[in-house]
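Biologist: I'd like to go through this one label by label. Show me the structure, and then tell me how each label is earned.

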Amino acid sequence: MSVARNWREIPGRYNLIGTRCGSCSKVYFPKRSICPECRRASVGKMEPYKLKDEGTVFSFSIKHEAPAENSDLRPYAVAMIRTEDGILIAAQLTDMNIDEVEIGMPVHAVLRKIGEEGSEGVINYGYKFAPKRNGVPKEKV
């Protein structure tokens, strides 16, 4: 897949874009075409919704084994992040030592390299979460 096509066809990989129901205002990530709350009442009413890129660590795990593409990162932390929208997102934590991770820790989304693909070495980027230092994010997505 070409880089341009990758960016165009997979926006959720580069942005925290979900959906919000036009009937009940519930927010979902990843995006959905039908609201589980309203069922058929919401068909055609699901709107794109940009999630807030800040939140807190709800739960986490330290990975000591990893797939080949992440073997140089081990050990690393993955977490469930509760965004300011109230949505839980699973993501890798970055820009920190694993012994710094704690429940309730404030974090923000950052754009990072996820891996490479194919013989051309197309680099795929996506979101990870980094700690907010002194309440201020170092950078934003």
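Modeller: Let's start with salt bridges: the term is used here for a side-chain nitrogen of Lys or Arg within 4 Å of a carboxyl oxygen of Asp or Glu. By that rule, a search of the whole structure turns up four salt bridges. Bear in mind that this is a predicted model.

Biologist: What makes Arg-20 and Glu-47 a salt bridge?

Modeller: Their closest N and O atoms are 3.8 Å apart, and the limit is 4 Å, so the pair counts. Arg-20 sits in strand β1 (residues 17–21) and Glu-47 in strand β3 (residues 46–50), so this contact ties together parts that are 27 residues apart in sequence.

Biologist: Why is Arg-20 called partly exposed?

Modeller: Its relative accessible area is 31%. Buried would need under 20% and exposed over 50%, and partly exposed is what falls in between. Glu-47, at 35%, is partly exposed too.

Biologist: What makes Glu-54 and Lys-132 a salt bridge?

Modeller: The N to O distance is 3.0 Å, within the 4 Å limit. This pair links distant parts of the chain, with Glu-54 in strand β4 (residues 54–63) and Lys-132 in the segment after β8, 78 residues apart.

Biologist: Are those two buried or exposed, and how do you know?

Modeller: Glu-54 has 13% relative accessibility and counts as buried. Lys-132 has 18% and counts as buried as well. The cut-off for buried is under 20%.

Biologist: How do you know that Arg-112 and Asp-95 meet in a salt bridge?

Modeller: Their side chains come to 2.4 Å, N to O, again within 4 Å. Arg-112 lies in strand β7 (residues 106–117) and Asp-95 in the loop between β6 (88–92) and β7, so the contact ties together parts that are 17 residues apart in sequence. Arg-112 is buried at 17%, whereas Asp-95 is partly exposed at 32%.

Biologist: On to the cysteines. How many disulfides does the structure hold?

Modeller: Zero. A disulfide is a covalent bond between the sulfur atoms of two cysteines, and to be called one here the sulfurs must lie within 2.5 Å.

Biologist: What rules out a bond for Cys-21?

Modeller: The closest cysteine sulfur to that of Cys-21 belongs to Cys-24, and at 3.8 Å it is too far for a bond. For Cys-35 the closest cysteine sulfur is also in Cys-24, at 3.7 Å, which is too far as well. Cys-21 is buried, with 2% relative accessibility, and Cys-35 is buried at 0%.

Biologist: Now the strands. Which strands of the open sheet are at the edges, and why?

Modeller: The sheet has three strands in the order β2-β1-β3, with antiparallel pairing. β2 (27–28) and β3 each have a single partner strand, so one side of each is left without a neighbour in the sheet.

Biologist: What makes β1 and β2 a pair?

Modeller: Two bridges join them, and at least two are needed for strands to pair. Arg-20, which we met earlier, has Val-27 in β2 as its bridge partner. Another antiparallel pair is β7 and β8, joined by ten bridges. There, Ala-109 stands opposite Phe-129 in β8.

Biologist: Why do you call β8 mostly covered?

Modeller: Eight of its ten residues are buried. Ile-123 lies in β8 (residues 122–131), and at 33% relative accessibility it counts as partly exposed.

Biologist: What makes Ile-123 part of a patch?

Modeller: Patch members need over 30% relative accessible area and no salt bridge, and Ile-123 has 33%. It joins Leu-111 and Tyr-125 in a nonpolar surface patch with about 210 Å² of accessible area together.

Biologist: And on the inside, which residues touch the most other members of the largest nonpolar core?

Modeller: Leu-16, Leu-51, Ile-89, Leu-93 and Phe-129, out of 20 residues in that core. The elements giving two or more residues are β5 (76–83), β6, β7 and β8, and β5 gives the most, with three.

Biologist: Last one: why is Gly-115 called buried?

Modeller: Gly-115 has 15% relative accessibility, and the cut-off is under 20%. Its place is in strand β7. Gly-126 is eleven residues from Gly-115 in sequence and 9.1 Å away in space, C-alpha to C-alpha.

Notes
Residues numbered from 1 in each chain as written. Predicted model: local features only at pLDDT ≥ 70, side-chain atom pairs only at ≥ 80, totals over all residues. Heavy atoms only, no water. Patch = residues over 30% accessible without salt bridge, like charges linked within 9 Å, V, L, I, M, F, W, Y side chains within 5 Å. Areas by Shrake-Rupley, 256 points an atom, 1.4 Å probe, with all protein chains shown as cover. Helix = DSSP H or I, 4+ residues; strand = E, 2+ residues; numbered from the N terminus. Buried < 20%, exposed > 50% of the residue type's maximum accessible area, 1.4 Å probe, protein only. Core = buried A, V, L, I, M, F, W, Y, C linked by side-chain atoms within 4.5 Å.
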